[in-house]
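Thanks for coming. I have one chain to go through today, so please look at the sequence and the fold while I talk.

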Amino acid sequence: MNAAVLHTFDEPPHFEQFSEPIAEENEVVVHIRAAALKPVDKQMASGSHYAAFRKLPVVCGMDGVGCFDDGTRVFFAAPRAPYGSMAQRAVVLRSRCFLIPDNVDDDIAAAVVNPGLSAWGALVWRAQLTPGETVLILGATGVTGKLAIQTAKLLGAGRVIAAGRNEQVLNTLHDLAADTTSRLDKPGQDLTEAFAREAGDNGFDVVIDYLWGPPTEVLLAAIARKDFNPAKSRVRLVEVGDSAGTTISLPAAVLRSSRLEILGAGSGNAPAIPEIWVEAIRRLMSHVACGALRIDTERVPAW
């Protein structure tokens, strides 16, 4: 079968023939119709992800959309190595295959689940967002950031502030229900003051951070108190990505003067109960099917 095969982390994957997958117990062969190219796929192929492939060669792709032999159309995740989703076929545990509504196209279904679940998990599983709370999204102009805006509103957030570095995209985020947008390309002190203004007297309840690095350091400076008064509410900062830097400097005073809680959202703290994932994907697909969640895609022929 045709596949995108990775032989070394020093070179891009090659288009070539790869052995056919054979299903074992509790597995199924999926005939692939679409696979999304996501940041995690690039990180896995470069060897930079913390869960990078241990053995090569391997077919790239973490998930996708395909059908069973009987034509049943599904989204699937985590094919058994060395098989990946960027091929004609893959082998997957049947429990990691999820039905797709008829009115959701292949490319939309393939593209939305990974970032959509990332946004859902950060807001629901980690931040435990409650209706009426104020949410700041750092890195709101990316695919997952856009879905986080929409998801926060669907969950009842009272106010969503979208912060990003792409001014052109920022100008479109009101259409996705962002209440306010904020540019992150301001000088440090100006950005600190902008964060402080957006926080207001009540502060941020939840911060979903796809950037880390310098923007997060500026935010922390903005929420640190300069008096002995107790903070009014918790600030749950959920670290999801690190596109602006892999490390930060965290002054001790920030932790002592605020009710800051720093959490991570990733595979290591995701739910271990399959039924939770099934319900999350069902809700996600339902929101996509009715138009409550939107994602832009660009279709590229595989071969």
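Start with helix α6, and with the residues in it that are buried: Pro215, Thr216, Val218, Leu219, Leu220, Ala222 and Ile223. Before I go on, this is a predicted model, so take everything I say as computed from it. The helix runs over residues 214–223, and seven of its 10 residues are buried, so α6 is mostly covered. What do the buried residues of α6 pack against? There are strands on the list, namely β9 at 134–138, β12 at 206–209, β13 at 235–239 and β14 at 260–264. There are also helices, α5 at 188–199 and α7 at 252–257. As a reminder on the geometry, an α-helix has 3.6 residues a turn, so residues three or four places apart point the same way.

Now the chain as a whole. DSSP gives eight helices and 14 strands. The radius of gyration is 21 Å, and the globule rule gives 19 Å for 303 residues; the two are close, so the chain is as compact as a globular protein of that length. Along the principal axes, the C-alpha atoms fill a box of roughly 65 × 40 × 35 Å. Of the 303 residues, 48% are buried. Taking the contacts with a separation of 6 or more, 72% are between residues 24 or more positions apart.

On the surface, the accessible area of the chain is about 15200 Å², and carbon and sulfur atoms account for 52% of that. For charge, I count 29 positive and 35 negative side chains, with the centres of the two sets 5 Å apart.

Next, some single residues. Phe75 is in strand β6, residues 73–77. Is Phe75 buried or exposed? Its relative accessible area is 2%, and the cut-off for buried is under 20%, so Phe75 counts as buried. Leaving out residues up to four places away in sequence, Phe75 touches Asp63, Gly64 and Val65, then Arg96, Cys97, Phe98 and Ile100, then Ala109, Ala110 and Val113, and also Met285. Val65 is 10 residues from Phe75 in sequence, and the two C-alpha atoms are 4.5 Å apart.

Cys97, one of the residues that Phe75 touches, brings me to the cysteines. How many disulfides are there? The count is zero. Cys67, for one, is in no disulfide, and the nearest cysteine sulfur, on Cys97, is 11 Å away. Cys67 has a relative accessible area of 16%, so it is buried. Cys290, by contrast, is exposed, at 57% relative accessibility.

Now a few positions in loops. His49 is in the loop between α1, residues 39–46, and β4, residues 58–59. His49 has 17% relative accessibility, which makes it buried. Among residues beyond four places in sequence, His49 touches Val40, Gln43 and Met44.

Pro57 is also in the loop between α1 and β4. The peptide bond joining Leu56 and Pro57 is cis, with omega at about 5°. Where is the other cis bond I want to show? It runs from Ala81 to Pro82, with omega near 10°. Pro82 is in the loop between β6 and β7, the latter at residues 89–93.

On the backbone more generally, most residues other than glycine have a negative phi, and most peptide bonds are trans. Against that background, I have a couple of positive phi values to show. Asn26 is not a glycine, yet its phi is positive, about 70°. It is in the loop between β2, residues 14–17, and β3, residues 27–34. With a relative accessible area of 57%, Asn26 is exposed. Ala177 likewise is not a glycine and has a positive phi, about 90°. The loop there is between α4, residues 167–170, and β11, residues 180–183. Ala177 has a relative accessible area of 31%, which puts it in the partly exposed class.

Last, Ser267. This residue is in the loop between β14 and α8, the latter covering residues 274–289. Ser267 is exposed, at 55% relative accessibility. From Ser267 to Val5 is 262 residues along the chain, and their C-alpha atoms are 24 Å apart. Note that β14, which leads into this loop, is also on the list of elements packed against the buried residues of α6, which is where I began.

Key:
Residues numbered from 1 in each chain as written. Predicted model: local features only at pLDDT ≥ 70, side-chain atom pairs only at ≥ 80, totals over all residues. Heavy atoms only, no water. Buried < 20%, exposed > 50% of the residue type's maximum accessible area, 1.4 Å probe, protein only. Helix = DSSP H or I, 4+ residues; strand = E, 2+ residues; numbered from the N terminus. Contact = heavy atoms within 4.5 Å. Rg over C-alpha atoms; globule rule 2.2 N^0.38 Å. Areas by Shrake-Rupley, 256 points an atom, 1.4 Å probe, with all protein chains shown as cover. Lys, Arg positive; Asp, Glu negative; His and termini not counted. Charge placed at Lys NZ, Arg CZ, Asp CG, Glu CD. Disulfide = S-S within 2.5 Å.
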